[in-house]
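Reader: I'd like to learn how to read helix packing from a set of coordinates. Could you walk me through an example?

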Amino acid sequence: MKTKFPFTRHIACGVLFAGVASAALAHSGATGLVKERMVAMSAMGDAIKSVAPMMSGDAAFDADAVRAAAGVIQDHAGDTMTALFPEDDANEASYVKDTIWQDWDQFSDLAQQLKLYGEGLEQAAANGLAAAGGADSSAMMGASDMMGAAPDTADMMGGSAMMGGSAAEPVLSVDALAAMPADEVFAKVSDTCSACHTKFRKEAR
């Protein structure tokens, strides 16, 4: 019987959204900056998909591969990501909603959060998976941490920030993330991608 790893639902959701980026790029006909940012999103999507089977227990865990994927995420997140989204009138070939500029602070926070989680994932790779005896996040972070029974959107971004409220500071430091099992950090990466796509990305046609 296959071991049930935690956060599989979060991982599957994130991979679904990540896969959309590659499909959109293939059919968009985009050029210039729009194409550049779609290439970046596709690269992150491919990185997430490459390690998702490890996180759900469907493939052997490879810490080096996780570190490599985390590096790709870091390279394209944070300020690098937000620089690819200037407010302009040249987004006809893009899948960006206007809400990205109407709620820029939240988008920017998500981009920074993704970079933070990418850094944490790189460091947490050595910990392996929670169900395989990896680091015990509840013990290492204490009873007052933000983890809870399973990470969700509100926990991840703090209160109502992900529901359209004000932007929140990251709730975990890189050091705290580095002490967690890799799959728990990966779930946060996945949830951040999903949350951003849900609010700021148009459906592909």
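Author: Happy to. Two packed helices are described by the angle between their axes and the distance between the axes. In this predicted model, take helix α6 (residues 104-124) and helix α10 (residues 182-200): their axes come within 9 Å and cross at roughly 160°.

Reader: What does that angle say about how α6 and α10 are oriented to each other?

Author: Angles over 145 degrees count as roughly antiparallel, and α6 and α10 are therefore roughly antiparallel to each other. The crossing in which α6 passes α10 is left-handed.

Reader: Which residues of α6 and α10 make the contact?

Author: On the α6 side they include F107, L110, L114, Y117 and L121. From α10, V185, F186, V189, C193 and C196 are among them. Sorted by class, this contact of α6 with α10 has 14 nonpolar, 5 polar and 2 charged residues.

Reader: Let's stay with α10. How many of its residues are buried?

Author: Of the 19 residues of α10, 17 are buried, so this helix is largely enclosed by the rest of the structure. As for its length, α10 reaches 27 Å from its first C-alpha to its last, close to the 27 Å expected at 1.5 Å a residue.

Reader: Now a second pair, please. How are α2 and α10 oriented to each other?

Author: Use the two descriptors again. The axes of helix α2 (residues 32-55) and α10 come within 11 Å and cross at roughly 135°. Since that angle is not over 145 degrees and lies outside 65 to 115, α2 and α10 are therefore oblique to each other. Their crossing is left-handed.

Reader: And which residues meet there, in α2 and α10?

Author: I48, V51, A52 and M55 in α2 meet A182, D183, F186, V189 and C193 in α10. By class, this contact of α2 with α10 has 8 nonpolar, no polar and 1 charged residues.

Reader: I'd also like to read a loop residue. Where is F61 placed, and does it count as buried or partly exposed?

Author: F61 sits in the loop between α2 and α3 (63-76). Buried means under 20% relative accessible area; F61, at 29% relative accessibility, counts as partly exposed.

Reader: What is F61 in contact with, leaving aside its neighbours within four places in sequence?

Author: With those neighbours set aside, F61 contacts M54, M55, V66, A125, G128, L129 and A182. There is a backbone distance to look at too: the C-alpha atoms of F61 and V51 are separated by 8.3 Å, with their positions 10 residues apart along the chain.

Terms used:
Residues numbered from 1 in each chain as written. Predicted model: local features only at pLDDT ≥ 70, side-chain atom pairs only at ≥ 80, totals over all residues. Heavy atoms only, no water. Axes fitted to C-alpha atoms, helices over the stretch in contact; angles between N-to-C directions. Helix = DSSP H or I, 4+ residues; strand = E, 2+ residues; numbered from the N terminus. Parallel < 35°, antiparallel > 145°, perpendicular 65-115°, else oblique. Left-handed = near helix turned anticlockwise from the far one by under 90°. Contact = heavy atoms within 4.5 Å. Nonpolar A, V, L, I, M, F, W, Y, C, P; charged D, E, K, R; others polar. Expected span 1.5 Å × (residues − 1). Buried < 20%, exposed > 50% of the residue type's maximum accessible area, 1.4 Å probe, protein only.
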